[in-house]
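Colleague: I am new to this structure and would love a close look at one part of it. Could you take me through the surface patch and then the hollow spaces of the model?

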Amino acid sequence: MSQRDYEAFDEQDKPSPDILRDCVHCGFCLSACPTYLETGNELDSPRGRIYLMNSALHGEIPLEGSLVKHLDACLGCLACEPACPSGVRYGSLIEAGRSQIERRYERSTFDKLYRSTIFSLFPYPKRMKLMLPLFYLYQKLGLRSLVQSSGIINKFSQKLGKMEEMLPDVTSPTFPPELPEVIPPKGKKRYRVALLTGCVQSVFFSRTNDATARVLAENGCEVLVPQNQSCCGALSVHSGRLSEGRDFARLTIDTFENLDVDAIVINSAGCGSTMKEYREILKDDPAYSERAQRLSEKTKDVMEFLADIELARELKNLNLKVTYQDACHIGHAQRIKEQPRQVLKEIPGLELIEMSEADLCCGSAGIYNLVQPEMSQSLLERKINNIKKNEVDYLVAGNPGCLLQIQKGIKNHRLNIKTAHPVELLDWSYRGTID
């Protein structure tokens, strides 16, 4: 067939021809790409996916088959971006390519229903909170053990089985009290910051938000916690649901932009990465482009923020061996690698032990572990094998998805290792107790 026989892409959120041309096909991305390392298939690499998107852009292949398969299989971890000598903005390409698939490709009825369920639940903390009593009873009455031992869900759908496996332990049918709207600083006020509480973070990792607020207050921060927060749009943007993600972004800008703060502090990798990306995803919106730019400039990962200030010195000995996992959207997307390690090393008695491939994706990647369970499991096994090489008490990571994923692997391998967000260790050190 000749060129332009296929109209794979329309004009809405089309992969940028200019960015596609930036790729010189040098191959430096191959050794950084987790899916290529697992399969050895060129089309499972950034270079291969760029080739597919370029072919689709020129009408040479349809929006089906290899194009959908290999774009779906991308983690979106962005490990390729720091490795690329040409500075190709691959994240923009994969989000645009996925947007074309999400809007125009006809998935199976089950896949459409499955994905619809995910996006009808996870970006809405209030809906997840309503599910907590059901999750609690499901575990407390032994139904979970019965379901898992029987393997009945996996016989019906491996994807549903994966979703069930990722459900964290729910220890109470009620939700912990929300953080107050204003948390005063301890001692003299040095900064005024706002805290994004997140979706999954606020429901299943409320302890991390509590620890974040305490650590910020300990360091002289007045912490504002807007009570009407919405999802920041991270899950939607990274999955190609760009219109939905932009709607969430606008709501978040409306919520935070008028707060007189020095920084907007984020303790979830994907959220921080996306909010820093608002300036890009809303660049064509005349009503929000400049506002998005200002908010992006104020957004800071909590460990990035803490590394930039002089920490309060009332830290107590923890006597722990810890290894750090670079969450992809902190290490690769935000290029924050040394700051979390720098802060952890300030905790007395904490021994930080580096593990092999600390910055290789664990297979969580937003909803990736729910929609690509086989590749996700392969990457998790690789991560667990690296964790096993060192004797540590805790693995720490700055993203709830990574913690849920790795917790599952640790449990399945019966390892005596716990997980936490790095800010929790700092909180324990200030309080002199390990929760």
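**A leucine on the surface, and the spaces within**

Modeller: Happy to! Leu 141 is exposed, because its relative accessible area is 62%, and exposed means over 50%. Please keep in mind that this is a predicted model. You will find Leu 141 in the loop between helix 8 (125-140) and helix 9. Together with Leu 137, Leu 143 and Leu 146, Leu 141 forms a nonpolar patch on the surface. The accessible area of these four leucines together is about 400 Å².

Helix 9 (143-150) leads us on to the second largest pocket, since helix 9 supplies at least two residues of its lining. The space in this pocket comes to about 900 Å³. Its lining has 30 residues, and those closest to the centre are Leu 167, Pro 168, Asp 169, Val 170 and Gln 407. Besides helix 9, at least two residues each come from helix 10 (152-156), helix 11 (158-165), helix 12 (200-204), helix 13 (206-218) and helix 23 (400-412). Helix 23 gives the most, with five residues. Sorted by class, the lining of the second largest pocket is made up of 12 nonpolar, 10 polar and eight charged residues.

Now for the enclosed spaces. There are two cavities of 30 Å³ or more in the structure. The largest cavity holds about 130 Å³ of space. Its lining consists of 18 residues, and nearest the centre you will see Cys 23, Cys 29, Ile 50, Cys 84 and Val 88. Two elements, helix 3 (46-57) and helix 5 (80-83), give two or more residues to this lining. Helix 3 has the largest share, with three residues. By class, the lining of the largest cavity contains 12 nonpolar, three polar and three charged residues.

The second largest cavity has a volume of about 80 Å³. Of its 13 lining residues, Cys 33, Pro 46, Cys 74, Cys 77 and Cys 80 are the closest to the centre. Here the elements that give two or more residues are helix 2 (34-39) and helix 3. Helix 3 is therefore one to follow by eye, as helix 3 contributes to the lining of the largest cavity and to that of the second largest cavity, where a lining residue has an atom within 4 Å of a cavity point. As for class, 10 residues lining the second largest cavity are nonpolar, two are polar and one is charged.

How values were computed
Residues numbered from 1 in each chain as written. Predicted model: local features only at pLDDT ≥ 70, side-chain atom pairs only at ≥ 80, totals over all residues. Heavy atoms only, no water. 1 Å grid on protein atoms, 1.4 Å probe; cavity = no way out; pocket = protein on both sides within 12 Å on 5 of 7 lines; lining within 4 Å. Points joined across faces, edges and corners; volume = space filled by probe spheres on them. Helix = DSSP H or I, 4+ residues; strand = E, 2+ residues; numbered from the N terminus. Nonpolar A, V, L, I, M, F, W, Y, C, P; charged D, E, K, R; others polar. Patch = residues over 30% accessible without salt bridge, like charges linked within 9 Å, V, L, I, M, F, W, Y side chains within 5 Å. Areas by Shrake-Rupley, 256 points an atom, 1.4 Å probe, with all protein chains shown as cover. Salt bridge = Lys/Arg side-chain N within 4 Å of Asp/Glu carboxyl O. Buried < 20%, exposed > 50% of the residue type's maximum accessible area, 1.4 Å probe, protein only.
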